[in-house]
Amino acid sequence: MSNTPSTTSSANIYGVCMATTVNGGSIDIAPGVLATGNDVLAQSLVRRQMTPQGSDPSAPNDGIDVRQFVSAGLTQAQINKIPGQIQAQLLRDQRVSAVSVTAAFNQATNVLTLTELIQPVLTGPFSLTLAVTQVTVTLLQSQQ
Amino acid sequence: MSTQLSAVTLASLITPVTVSAELAAELTIAASVGMPTTAWQTFTPELSILTINANVVVVP
């Protein structure tokens with residue numbers, strides 16, 4: 001493979017896998033692109049949040065589809081419960097040591113914004129910002 | 001002189017393959033061609049695709 005990254009330092013600490021992108025409501029494989037380093041973990045965590053529990057045969061007890069949280073008239077009490085559920089799911093990944101999630105819901109647009117600070121076991125922290133509607137998930141930012 | 005033939009069933013000739021055995025075989029092949037199979041964790045596209053394939057090809 002011509003685009004296989006070099007096998008040195010922390011770049012390959014999580015191995016190498018096919019890169020994926022989030023395209024609205026679907027997860028797409030980026031043709032010819034490989035993910036390395038924290039991208040492997042970050043993309044895996046995004047896929048985890050777009051996979052309904054039980055739908056992946058390789059991990060039937062894992063996954064949470066964050067779109068299920070979004071509905072018109074979401075109450076503050078319901079919003080307050082969302083971070084805990086997501087944190088519990090993200091911590092099921094053994095590469096993650098700590099997670100902080102905040103959720104904000106815009107009643108006018110019905111968009112749930114999730115801000116997640118991830119502390120991996122082996123590498124430095126990074127953050128993910130997701131905009132979630134009833135049918136789509138958009139990765140607004142992935143920052144190290 | 002007569003010869004007694006016992007009936008041979010198809011089931012007696014076939015060893016069932018389990019999903020986990022099929023997945024192990026696929027991962028072995030992937031590793032043999034240099035793929036980093038041990039790094040593939042939950043929700044890695046490669047692992048999900050191979051697991052789906054193992055479920056498809058194994059007849060319950």
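**Exercise 1. The nonpolar core**

Which residues of the largest nonpolar core touch the most other members?

*Solution.* The structure is a predicted model, in which local features need pLDDT of at least 70, side-chain atom pairs count only at pLDDT 80 or more, and totals for chains, interfaces and linings use all residues. Residues are numbered from 1 along each chain as its sequence is written, and chains are lettered from A and ligands numbered from 1 in the order in which they are written.

Step 1. A nonpolar core is a set of buried Ala, Val, Leu, Ile, Met, Phe, Trp, Tyr and Cys residues joined through C-beta atoms within 7 Å. A residue is buried if 20 or more other C-beta atoms lie within 10 Å of its own, with C-beta atoms placed from the backbone.

Step 2. The largest such core has 32 residues, and A:Leu45, A:Val66, A:Ile86 and A:Leu114 touch the most other members.

Step 3. Two or more residues each come from α1, α2, β3 (96–106), β4 and β5 of chain A and from α3 of chain B. Helices (H or I, at least four residues) and strands (E, at least two) are DSSP runs, numbered from the N terminus. The largest share, five residues, belongs to α1(A).

**Exercise 2. The cover of helix α1(A)**

State how far helix α1 of chain A is covered, and by what.

*Solution.* Step 1. The helix spans residues 38–48, and 10 of its 11 residues are buried. Among them are A:Leu41, A:Leu45 and A:Val46.

Step 2. The cover includes the strands β1 (17–23), β2 (26–35), β4 (111–120), β5 (126–132) and β6 (137–143), together with helix α2 (76–90), of chain A.

**Exercise 3. A helix pair in chain B**

Describe how α2(B) and α3(B) pack, and place B:Ala54 in that contact.

*Solution.* Step 1. Helices α2 (residues 19–32) and α3 (residues 45–57) of chain B pack at an angle of about 130°, with their axes 9 Å apart. The two helices are therefore oblique to each other, a class for angles outside under 35 degrees (roughly parallel), over 145 (roughly antiparallel) and 65 to 115 (roughly perpendicular).

Step 2. The contact involves B:Ala54 of α3(B), and B:Val19, B:Glu22, B:Leu23 and B:Glu26 are among the residues from α2(B).

Step 3. Leaving aside neighbours within four places in sequence, B:Ala54 is in contact (C-beta atoms, placed from the backbone, within 7 Å) with B:Val19, B:Glu22, B:Leu23 and B:Glu26.

Step 4. B:Ala54 is buried, because 22 other C-beta atoms lie within 10 Å.

Notes: Buried ≥ 20, exposed ≤ 12 C-beta atoms within 10 Å, placed from the backbone. Contact = placed C-beta atoms within 7 Å. Axes fitted to C-alpha atoms, helices over the stretch in contact; angles between N-to-C directions.
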